Amino acid sequence: MIARAVEGLRWYLREISGEARWDAYREECAREGRQPMSRREYERHRAAHRELDQRGRCC
Amino acid sequence: MNQVTSRVLWVGVALVGAACWTVLALARGEEVSALWILFAALASYAIAYRFYARFIARRVLQVDDTRATPAERLENGRDYEVTDRRVLFGHHFAAIAGAGPLVGPVLAAQMGYLPGTIWIIVGVIFAGAVQDMVVMFFSMRRDGKSLGQMVREEIGVVGGVAALIAVFAIMIIILAVLALVVVNALAESPWGVLSIGLTIPIALFMGFYLRYLRPGKVMEVTAIGVALLLVAIILGGYVDQLGLRDALTLSPETLVICLVVYGFVASILPVWMLLTPRDYLSTFMKVGVIVLLAVGLVIAAPVLQAEPVTSFATEGNGPVFAGKLFPFVFITIACGALSGFHALISSGTTPKMIAKESHVRMVGYGGMLMESFVAISALIAACVIDQGMYFAMNSPAGATGGTFEGAAEFVANLGFTISPDQLQAAAQAVEEETLVSRTGGAPTLAFGLSQVFHEAFGGNLQAFWYHFAIMFEALFILTAVDAGTRVGRFMLQDTIGNVWKRYADTSWRPAAWSASFLVVLAWGYILWVGVRDPLGGINQLFPLFGIANQLLAAIGLTVCAVLMFKHGKAKYAWVALVPLTWDLIVTMTASFQKVFSSDPALGYFAQASRYREARDAGEVLAPAADAGQMDQVVFNSTLNGILQATFALLVIVIVVNAVVVAVKAWRAGGLPTTETPKVESRIVAPADFIATAQEKEAVRAWEAERAGERR
């Protein structure tokens, strides 16, 4: 029960912080037989997208 | 869960809610625990979510889970992205929740605890959460179009242009007033300045850590950041030992300049350096504090010190803000019950990430209920502190003279008692020079929180909790100001881009920098005006902020209502029309009073002419101290009045335009809309927070099938 809760919390934090995206990307590459880029390059790429991201924060 | 258990459960929830409301309604002149408010809120939310939100989803909007959402059809790994419903709930909540629901209820507490409680709960159920959910749904059916685009395409060009101007202007006011709250919390507070100032190097460090040291390790760096943040708060207590007291005791004017320079720099730096890491910190603190507050309230179970309804509610002469209960409670509470700003987040960003149509209920409606819960907690924190203290903190410096004696005397005139010694002791307990006339809501909330946490968790940490609360409020607000400046910049570039194509290129530096500069200048100017206002900036500007936000909500609800008529759902249009009508009555009454009232305390123009006449006769009216300040009052009041009138007129233009379209649609039984045609969905996902057994089974079957296809 507790182990499941901890696992759930870990899953949630990884998802919401965006860390899980890297795993998803690598799985996708593995499935399609592509060579994934390095973690550093991947995060640079995401940061470049975020630069033009228009989402606001509310009052 | 079988039907019988379910019925028993909901009857139980209804009984708890009814009992709490009865106690709140009937209790007079006795000690009332704050927990009655807390549980009245929770029970009401549960019932509203279970029944009303479900009715809206199924009957009114007819959400269709066999229809692919834009996230599914247009998935591109950037803005369009199928997102787990619970994760999206977190993202959406982090985007809508900020300082607004914390500050508004604190100021509204001058009317007593009952009006605020009723409006926060009833308002969110029938207005705020409805707006968020319905706007989200309609935007989702249009590939995530923004509110402005929907007004232009579904209502008309006139309304569209008015909406564009209104949204931009309203955003500037909101940013300025939020910044004013920070300035008021940090002015003459070296502890606060030190700990907030340290958040900048902490965020920079996090940014570089993620970029160069360990890319992608967000949780790790957030943990380090939060730890450093706590150290920064503790360090603030040692300003004397560090020899920084004088250097960091800043006047409001200096702080405005710091904020404006900071706001500009932050908006032109790459986002990975400052904005992204600060957002991680702010989100973490937000959730952490809300949980802590809920737990603290339940453990401490404080008794309400405020009256249910004060005489200011009927007389309209309260020192915190002028005006009677109607319409000003509804204006002041703003974000916790109904927030127009949410219509901007609920259109555009969030709809592009929804996995299933039915998720608008939990993300849109549920997210707003959570925001309302934050507002209720803030209201409680303001109502459990000694009311003499509350009014000493929230009356403008012009009234109290800013001294312990002056405040004690002024509060006594209001009918509350607190001695100068008590005021001094309270300030010492949180290690501030003074708490007199620390307007803006943030210090009061921080004081209330420190009291609740002190009672709940013990230890001699009141000063730590006070500055902890100030820190997280300032952190929210600065994040909102930065992000708002960026959004404003994009809006400005987009608008000017209509006439000068190149200006719309967001990666063209001269355009990006000049647009950022103009946005910062706009809110910086109003902030400056507010800080230098002899009548007290919050007292003058907060109503403008509240009305602006509620007018934006009127635009959001207007779009909802018009689209219901156009989709041929006239019989359900009341779902949007009832809150819209109420909101229009409130905002138009408030705007009318602020513009046309002959009472100088209330009407901006009456105020301006009173001070102008006195100035021309060579007199100086308190709280102005000299002829220069008299000029300032005249100028500020006129400016506020013009802004107020402009906002109201813009909204009237949109509403009139909308009525024309709605009537046409009603007669025709519906009109073509820009809704994208249905495409069959291939995704399977549960609908609500907790998946049912059948849903889990369906997801498992679908995943197995998908894995089979890949092989």
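Is B:Ser346 buried or exposed, and what is its relative accessible area? In this predicted model, B:Ser346 turns out to be buried, with a relative accessible area of 0%. That value falls under the 20% cut-off for a buried residue, so the label fits. As for its place in the fold, B:Ser346 sits in helix α16 of chain B, which covers residues 340–346. Leaving aside residues up to four places away in sequence, B:Ser346 touches B:His92, B:Asp132, B:Val135, B:Met136, B:Ser139 and B:Pro351.

Next up is B:Gln607, found in helix α27 of chain B, a helix made of residues 604–616. B:Gln607 is buried too, and here the relative accessible area comes to 5%. And what does B:Gln607 touch, once residues up to four places away in sequence are set aside? The contacts are B:Leu535, B:Gln540, B:Pro600, B:Ala601 and B:Ser637.

Then there's B:Ala27, which belongs to a loop of chain B. On one side of that loop is α1 (3–26), and on the other is α2 (35–60). B:Ala27 has a relative accessible area of 8%, so this loop residue counts as buried, the cut-off being under 20%. With residues up to four places away in sequence not counted, B:Ala27 touches B:Val32, B:Tyr113 and B:Pro308. A look along the chain brings in B:Val633, which is 606 residues apart from B:Ala27. In space, the C-alpha atoms of B:Ala27 and B:Val633 are separated by 42 Å.

Definitions and conventions:
Residues numbered from 1 in each chain as written. Chains lettered and ligands numbered in written order. Predicted model: local features only at pLDDT ≥ 70, side-chain atom pairs only at ≥ 80, totals over all residues. Heavy atoms only, no water. Helix = DSSP H or I, 4+ residues; strand = E, 2+ residues; numbered from the N terminus. Buried < 20%, exposed > 50% of the residue type's maximum accessible area, 1.4 Å probe, protein only. Contact = heavy atoms within 4.5 Å.
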